[in-house]
Amino acid sequence: MIPVKSSIGLIGLAVMGQNLALNIARKGYKVSVFNRTAQKTEEFVKNRVKGEEIEPHYDIKDFVESLERPRKIILMVKAGKPVDDTISQLLPYLEPGDLIIDGGNSHYLDTERRFKDLTEKGFLFLGMGVSGGEYGALHGPSLMPGGSKKAYSLVEDILLKIAAKTEDGPCCTYVGERSAGHFVKMVHNGIEYAIMQSIAEIYHIMRDVLDLPTDEMSDIFKEWNSGELNSFLVEITYKILKRKDEETGKPMVDVILDRAEQKGTGKWTSQAALDLGIPTPSINLAVVERIISHFKEERTKLSKLYNKRRSALQKSEEFLKDLKDSLFFAMFMAFSQGMWLISEASKEFSYNVDLFEVLRIWKGGCIIRAKLIDTLRRYISDENAHLLESEEVISLLKERIGSLKNVLKVSIENEIPVPVLSSAYNYFMSLTEERLPANLIQAQRDFFGAHTFERVDKEGVFHINWEEGEIG
């Protein structure tokens, strides 16, 4: 009897890969799996496969031959060279029309290169962002595939079945051409950086100005999560603050070193934004704060040279509301910056991204899922990508500006760094300022570098000799 071939293959059996393979198999598909080290495959099959139709392979040729044609293979390997190495391993055994899907956090320019190279060789390729962590991979992630529509059509049924579900449908859509999927996932992560830093700054104020115990902070975040701030990141924050360390009995968060790691997607978002000329200050400063956090020794030395002025503020419902409103404002601005960047990239790179659809698939499964997304979807469009060109939105934000100002004032008085909360305020104030002081900067540029300037009263480009004439 000829064995039934697998519907899809998956390479890379770290936890994300294992969970995605299990998710696919539990939706009724036979899955072939392969890992660079055979031991990892053996352990996965022995410890986690419980009746699912998952077929292990220990030779790349056998793995490829186990798949029905056109072959569909998901790569869940580390971004960078490992992706290229795995593709090189596969190519001798693939045939034109076969599909490779990169499900890692690859840089969008790498995806662009791979798409071009594989397309020229007759293969299909999708760069697919996967968000939701280990839990999402197993129970339903948010999926952001980009490439050709032909490639997407080969796996659409599978992806829609394994994706997270909301009242608006599966959290998966064809994102756009070529590297669009990985670009959108990159920006998703940039927004994630900004929201995480915003929450951390609110926590900092609660801890060092209000002097609240972690249990009480947890209760506050839990209450916020039941309202307009409902989101995955606020939810995990209250759960983290409630957790105790089994060894010391202290709050778990208090025994964790204040040094935050990063894998690069936030930095890539900032770099892309600078290249495309789109302002993303909240994302940029969230990346900077992670970098600063790494200088623990320097911070410890400097803290002894500069004694911070801290005066405990009495907790009040009014100030807690200020904190809540400030977090809402900062979250809104993080999405504003991210969506504007996606919109500009879509135009620049001809991705044809549907912004409304991107927000829809972020409603479930992914790390930045939030109730706020329903509000954003009411106002998003190609003409209003930054989400601010609406009287209703301006009114929504205006109601919270007083709270944000008060939180910034208290932070300054108590010398608490709040770069992302501050950036949210300044981003909004800059965009709503008809006349910025950039005219002086342009005059300075023309003075020292003859860079020219435009005038407000007539058309054309001008330069003057600034050293000549009367200086009053």
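**Notebook: G133, the sheet and the annotated sites**

I began with G133, which at a relative accessible area of 31% is partly exposed, since the cut-offs are under 20% for buried and over 50% for exposed. I keep in mind throughout that this is a predicted model.

**Entry 1: around G133.** I looked up the secondary structure and found that G133 belongs to helix α6, which covers residues 133-139. I then listed the contacts of G133, leaving aside neighbours within four places in sequence, and noted M16 and I367.

**Entry 2: the sheet.** I traced an open sheet of seven strands with mixed pairing, and wrote down its order as β3-β2-β1-β4-β5-β6-β7. At its edges I found β3 (54-57) and β7 (142-147), each of which pairs on one side only. For the twist I noted that neighbouring strands of this sheet are turned by 25° against each other on average, with direction ignored.

I also followed one pair in detail: strand β1 (residues 8-11) and strand β2 (residues 31-34) run parallel and are joined by four bridges. Within this pair I asked which residue of β2 is the bridge partner of L10, and found V33.

Turning to what packs on the sheet, I recorded helix α5 (residues 108-120), which touches β5 (99-102), β6 (124-131) and β7, and whose direction makes about 155° with that of β6.

**Entry 3: the binding-site annotation.** I consulted the UniProt record, an unreviewed entry, which places the feature "binding site" at N105, S131, G132, G133, H188, N189, Y193, K263, R290, R445 and H451. Why do they not all gather at one spot? They span 347 residues in sequence and the farthest two C-alpha atoms are 48.6 Å apart, so I do not treat these positions as all gathered at one spot.

**Entry 4: R445.** From that UniProt list I picked R445 as one of the annotated positions, and located R445 in helix α19, residues 438-449. Its relative accessibility is 32%, and R445 therefore counts as partly exposed. Not counting residues up to four places away in sequence, I found that R445 touches A450 and H451, and I noted that H451 is itself among the positions UniProt gives for the "binding site" feature.

**Entry 5: the annotated domain.** Finally I checked the feature "domain: 6-phosphogluconate dehydrogenase C-terminal", which UniProt (unreviewed entry) places at residues 181-467. For the span 181-467 I noted 63% helix and 0% strand, with the end C-alpha atoms 53 Å apart.

How values were computed: Residues numbered from 1 in each chain as written. Predicted model: local features only at pLDDT ≥ 70, side-chain atom pairs only at ≥ 80, totals over all residues. Heavy atoms only, no water. UniProt positions renumbered as here; feature names shortened; annotations may be inferred. Helix = DSSP H or I, 4+ residues; strand = E, 2+ residues; numbered from the N terminus. Pairing = 2+ DSSP bridges. Axes fitted to C-alpha atoms, helices over the stretch in contact; angles between N-to-C directions. Contact = heavy atoms within 4.5 Å. Buried < 20%, exposed > 50% of the residue type's maximum accessible area, 1.4 Å probe, protein only.
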